[in-house]
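Grab your favourite viewer and work through these exercises with the model open beside you. Each one sets a task and then walks through a solution.

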Amino acid sequence: MDNETIELIKKYNKVQPSYGPEPPLPKIFTEEEIFEEPPQQEGYNEIYARIAGEAYKPISERGDIDKYKYIPSESTDELAVFESPKDYTIGIRGTSRENIIPHTYQDILVGAGSLTSLVPDQLGLGLKSIRKKVDKLKKNKPVILSGHSLGGSKASMLGVDDEKLQVYTYNKGDVLPFLSDTAKCSITGCKNIKNYRIAGDIVSGLGSMYSTQNIETIAPKQLTPEKEKLFSATENIVPKNLYIPHSMDQFIDRKKLYPKSTFPRKLYSQTGHYAGIGLGMVYGPQILSKIGDKTITPILDTLIEAG
């Protein structure tokens, strides 16, 4: 066996699991990592997160939230409009299963940053229709916008354009920057926009590094035993830490929380694991080809001749 094949085998062995039964999957968190925190954190208002969550529901299944009354006549599939004695709050829907194709397209536009300006609004994010609804409602009362993920990105863009709009976003999507928004917020501060993200969320992570807006990273919420069991079933396929931090549910009923380092730590620790899988996919076929040519094929030929 030549040196090249030996080196490939060494690289392959380094990234492969040992033979034998798989060890039991550990729980994501230990009891020591869980800590209690009051339902209302300082400066955090769950009402707007709940309104953002309602936007994901069908129009007929949305309902009142505390003093905020749901207004079906002003709402659409994409917007959930609520009215309180003092103001209106509009929840903007994020990426949903029901509209996965158009929403994924809009996610790509958000990720493209300033390049999105090359796409006409009616073929892009559809901000004009939201702005039209805001203009109509604000004739009577102030308007607040709330959105999660893609919905948060849209709410933020509208808040940059109109500083009279109070905006709350949750894990809003950001990849490449919108240069005009970044420049404006660096000057004005965009104090009307309050962004919340869960520590370890990938979708909002990159944007939080360069954003000139106010972004608060908060600790992740503890999973219920039912969800822990459900998500553990697919841990070997899609690790929980890749999607749990992004969930809308993370911003609601925040009574039991994990440390902020929980998901980022697990994400970093799994980087090597997935790099190993990638290396295995790269080197595996080469090794099998070389071993097959130099060992397995001659053995089979010998057996055939002996028969």
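The second largest pocket is where we begin: its lining has 5 nonpolar, 5 polar and 6 charged residues. Keep in mind throughout that this is a predicted model.

**Exercise 1. Describe the second largest pocket, from its volume to its lining.**

Step 1: start with the volume, which comes to about 430 Å³.

Step 2: look at what surrounds the centre. The lining has 16 residues, and the closest to the centre of the pocket are Lys-221, Leu-223, Lys-227, Asp-249 and Gln-250.

Step 3: sort the lining by class, and you're back at 5 nonpolar, 5 polar and 6 charged residues.

**Exercise 2. Put together an overview of the chain.**

Step 1: count the secondary structure, and you get 9 helices and 9 strands.

Step 2: check burial. Of the 307 residues in the chain, 42% are buried.

Step 3: turn to the contacts with a separation of 6 or more. Residues 24 or more positions apart account for 65% of these.

Step 4: finish on the outside. The chain exposes about 17,300 Å², and 60% of that is supplied by carbon and sulfur atoms.

**Exercise 3. Work out whether helix 2 is enclosed or not, and find what covers it.**

Step 1: locate helix 2 at residues 46-54. At its start, a side-chain oxygen of Asn-45 reaches to within 3.0 Å of the backbone nitrogen of Ile-47.

Step 2: count the buried residues, using under 20% relative accessible area as the cut-off. Helix 2 has 8 of its 9 residues buried, so the rest of the structure largely encloses it.

Step 3: name them. The buried set is Glu-46, Ile-47, Tyr-48, Ala-49, Ile-51, Ala-52, Gly-53 and Glu-54.

Step 4: look for the cover. It includes strand 3 (79-83), strand 4 (88-92), strand 5 (143-148) and strand 6.

**Exercise 4. Glu-54 and Arg-62 are both charged; trace what each of them touches.**

Step 1: take Glu-54, which is found in helix 2. Its relative accessible area is 9%, so Glu-54 is buried.

Step 2: list the partners of Glu-54 beyond four places in sequence. They are Glu-61, Arg-62, Gly-63, Ile-65, Ala-80 and Phe-82. With Gly-63 there's a polar contact: the Glu-54 side chain reaches the backbone nitrogen of Gly-63 at 3.1 Å.

Step 3: move to Arg-62, in the loop between helix 2 and strand 2. Arg-62 counts as buried because its relative accessibility is 6%.

Step 4: do the same for the contacts of Arg-62. Beyond four places in sequence, Arg-62 touches ten residues' worth of neighbours, among them Glu-54, Lys-57, Tyr-70, Asp-77 and Arg-93. The side chain of Arg-62 also reaches the backbone oxygen of Ala-55 at 3.2 Å.

Step 5: add a distance across the sequence. Arg-62 and Ala-80 sit 18 residues apart in sequence, and their C-alpha atoms are 8.0 Å apart.

**Exercise 5. Two residues that aren't glycine have a positive phi; compare their settings.**

Step 1: recall the background. Most residues other than glycine have a negative phi.

Step 2: find Asp-66, with a phi of about 50°. Asp-66 is in the loop between helix 2 and strand 2 (69-70). Its relative accessible area is 53%, so Asp-66 is exposed.

Step 3: find Asn-171, also with a positive phi of about 50°. Asn-171 lies in the loop between strand 6 (166-170) and helix 6. Asn-171 is buried, because its relative accessibility is 0%.

**Exercise 6. Find the cavities and say what lines them.**

Step 1: count those of 30 Å³ or more; there are 2.

Step 2: take the largest cavity, with a volume of about 180 Å³. Its lining has 19 residues, and Lys-172, Asp-174, Phe-178, Asp-181 and Gln-213 lie nearest the centre.

Step 3: assign that lining to elements. Helix 5 (150-161), helix 6 (179-188) and helix 7 (205-210) each supply at least two residues, and helix 5 has the largest share with 4.

Step 4: go on to the second largest cavity, which holds about 40 Å³ of space. Its lining is Lys-172, Asp-174, Asn-195, Tyr-196, Arg-197, Ser-204 and Ile-215, and strand 7 (residues 193-198) gives the most, with 3 residues.

Definitions and conventions. Residues are numbered from 1 along each chain as its sequence is written. This is a predicted model: local features need pLDDT of at least 70, side-chain atom pairs count only at pLDDT 80 or more; totals for chains, interfaces and linings use all residues. Side-chain values use heavy atoms; hydrogens and water are left out. On a 1 Å grid over the protein atoms alone, a cavity is a set of points where a 1.4 Å probe fits but cannot get out, and a pocket is an open set with protein on both sides within 12 Å along at least five of seven lines; lining residues have an atom within 4 Å of a point. Grid points are joined across faces, edges and corners, and a volume is the space filled by probe spheres set on the points. Buried means under 20% relative accessible area, exposed over 50%, partly exposed in between (1.4 Å probe, protein chains only). Contact means heavy atoms within 4.5 Å. Accessible areas come from the Shrake-Rupley method with a 1.4 Å probe; for residues, only the protein chains shown count as cover. A polar contact is a pair of N or O atoms within 3.5 Å; within protein, one must be able to donate a hydrogen and the other to accept it, and residues adjacent in sequence count only if both atoms are side-chain atoms.
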